[in-house]
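Welcome! Take a moment to look over the sequence and turn the structure around, then try the exercises below.

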Amino acid sequence: MSTIQKDLGADPETLVPRTLAERAYLGLRHDVVCGKLAPGERLRVEHLKDRYEVGAGTLREALSLLVSDALVTAEGQRGFRVAPISLTDLEDLTNTRVMLETEALRQSIRHGDAQWETALSHSYDLLSKTEMDLAESGSDLWERRNKAFHEALIAGFDSDWSKYLLSILYRHAERYRNIIWRLTAANASGRNVHQEHEAIYRAAMDRQDARAALALEAHIRLTHDIMRLKASQTDLK
C-alpha cells in the first residue's frame with residue numbers, strides 16, 4: 001500500500017495534509033464518498049485542478065491513488081471516471097467485509113489488552129452520545145464516530161493489512177449509504193442502530209468473541225438489506 005494511503009486511512013476531518021497531493025486525494029475521496037462526484041462521472045483534470053487548487057500533475061497523482069482504493073477507474077489514455085455502483089458490487093462488498101471484519105473482531109477480543117478496552121469504551125460512549133440525538137449531532141459526525149467505533153473494535157488485532165483493507169471496505173459501504181439515501185431522499189429505516197452497537201460492544205467487553213462476531217455480522221448484513229431495499233426504489237441494478 002502507498003504511504004499516503006496508509007497514513008490517510010483515517011477520516012479527513014482529523015488530518016492535516018502534508019502535501020498538495022494528499023490534500024487533493026482527501027478532497028476527491030470525500031467528494032466521491034459523499035456522492036458529490038456521481039458514479040460513472042468523468043473526472044476531467046482540466047476542470048478539477050481549479051476546483052481542488054492543484055496542478056494537473058498533482059491531481060493525476062491523487063486520482064491514481066483513488067484508483068488503488070477502487071473509488072476511481074482509469075480509462076487508459078481517456079482519463080478517469082468515478083467508479084460505478086451496482087447491487088452485485090454491494091453484495092460482494094458486504095460479504096467480503098463480513099468475512100474480514102468478524103475474524104478481525106474475534107482476534108481483537110482474544111488479544112486486546114486493558115488499553116484496548118479503555119479505547120473501545122471511549123469510542124462507544126462518543127458514538128452513543130451521537131445516537132441519542134442524531135438530529136442535533138448530524139450525520140457527518142455520526143459517520144466519523146461510527147467508523148471510529150468499528151476501528152476500535154478491531155484495534156486489538158495486530159494486522160495492518162486487515163485494518164487497511166477494512167478501512168477501504170468501510171469507505172465503500174459509506175459511499176453506498178450516502179448515494180442510496182440521496183437517491184431515495186430518506187434514510188429512516190425503523191431500525192435501532194444504537195441497540196445493535198450496544199450488543200456488539202457488550203459482547204466484546206465480556207470477551208465473548210463468537211457472540212460479538214454474530215452480532216457484528218447481523219449489523220453489517222442488516223445495513224446491506226436496507227440499502228438493497230432502498231436501491232430497489234431507484235434504477236440501481
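**Exercise 1. Lys49 and its surroundings**

Which residues does Lys49 touch, not counting residues up to four places away in sequence?

Solution. Before we start, note that this is a predicted model, in which local features need pLDDT of at least 70 and side-chain atom pairs count only at pLDDT 80 or more, while totals for chains, interfaces and linings use all residues. Residues are numbered from 1 along each chain as its sequence is written, and side-chain values use heavy atoms, with hydrogens and water left out.

- Step 1: Find Lys49 in helix H3, residues 45-51. Helices are DSSP runs of H or I with at least four residues, numbered from the N terminus.
- Step 2: List the contacts, which means heavy atoms within 4.5 Å. Lys49 touches Val54, Gly55, Ala56 and Leu59.
- Step 3: Look at Leu59 again. Lys49 and Leu59 are 10 residues apart in sequence, and their C-alpha atoms are 6.2 Å apart in space.

**Exercise 2. Pairs of opposite charge**

How many salt bridges does the count come to? Work through three of them.

Solution.

- Step 1: Recall the general idea. Side chains of opposite charge can pair when their charged atoms come close.
- Step 2: Apply the rule: a salt bridge is a side-chain nitrogen of Lys or Arg within 4 Å of a carboxyl oxygen of Asp or Glu. The count comes to 12 salt bridges.
- Step 3: Begin with Lys49, whose side chain meets that of Asp50 in a salt bridge of 3.7 Å, N to O. For accessibility, buried means under 20% relative accessible area, exposed over 50%, and partly exposed in between (1.4 Å probe, protein chains only). Lys49 has 27% and so is partly exposed, whereas Asp50, at 54%, is exposed.
- Step 4: Move to helix H5, residues 87-111. Here Glu101 forms a salt bridge with Arg97, with the closest N and O atoms 2.8 Å apart. Glu101 and Arg97 are four residues apart, so about one helical turn separates them. Glu101 is buried at 4% relative accessibility, and Arg97 is buried at 8%.
- Step 5: Finish in helix H8, residues 139-153, where Lys147 and Glu151 lie four residues apart, about one turn of the helix. Their side chains meet in a salt bridge of 2.5 Å, N to O. Lys147 is buried at 6% relative accessibility, but Glu151 is partly exposed at 37%.
- Step 6: Connect the last two cases with a general point. An α-helix has 3.6 residues a turn, so residues three or four places apart point the same way.

**Exercise 3. Thr102**

Is Thr102 buried or exposed? What does Thr102 contact beyond its neighbours within four places in sequence?

Solution.

- Step 1: Locate Thr102 in helix H5. At 6% relative accessibility, Thr102 counts as buried.
- Step 2: Follow the side chain. A polar atom of the Thr102 side chain lies 2.5 Å from the backbone oxygen of Val98.
- Step 3: Leave the sequence neighbours aside. Thr102 is then in contact with Arg97, Ala213, Leu216 and Glu217.

**Exercise 4. The span of helix H6**

How far apart are the end C-alpha atoms of helix H6, and what span should its residues have?

Solution.

- Step 1: Take the expected span, 1.5 Å times one less than the number of residues.
- Step 2: Helix H6 has 19 residues, 114-132, so it should span 27 Å; its end C-alpha atoms are 27 Å apart, which agrees.
- Step 3: Check the start of H6, where a side-chain oxygen of Asp113 reaches to within 3.2 Å of the backbone nitrogen of Gln115.
- Step 4: Look for buried residues in H6; among them are Trp116, Leu120, Tyr124 and Leu127.

**Exercise 5. Aromatic rings**

How many aromatic pairs does a search of the whole structure find?

Solution.

- Step 1: Use the rule. Rings of Phe, Tyr and Trp (its six-membered ring) pair if their centres lie within 6.5 Å; planes under 30 degrees apart count as stacked, over 60 as edge-to-face and the rest as tilted.
- Step 2: The search finds three aromatic pairs. In one of these, the rings of Tyr124 and Phe149 have centres 6.0 Å apart and planes at 50 degrees, so the pair is tilted.
- Step 3: Place that pair. Tyr124 lies in helix H6 and Phe149 in helix H8, so the pair ties together parts that are 25 residues apart in sequence.
- Step 4: Turn to Trp161 and Tyr164, an edge-to-face pair with 5.9 Å between centres and 75 degrees between planes. Both lie in helix H9, residues 160-184.
- Step 5: Look for a cluster. Tyr124, Phe149 and Tyr201 form one.

Key
Helix = DSSP H or I, 4+ residues; strand = E, 2+ residues; numbered from the N terminus. Polar contact = N/O pair within 3.5 Å; in protein donor to acceptor, adjacent residues only side chain to side chain.
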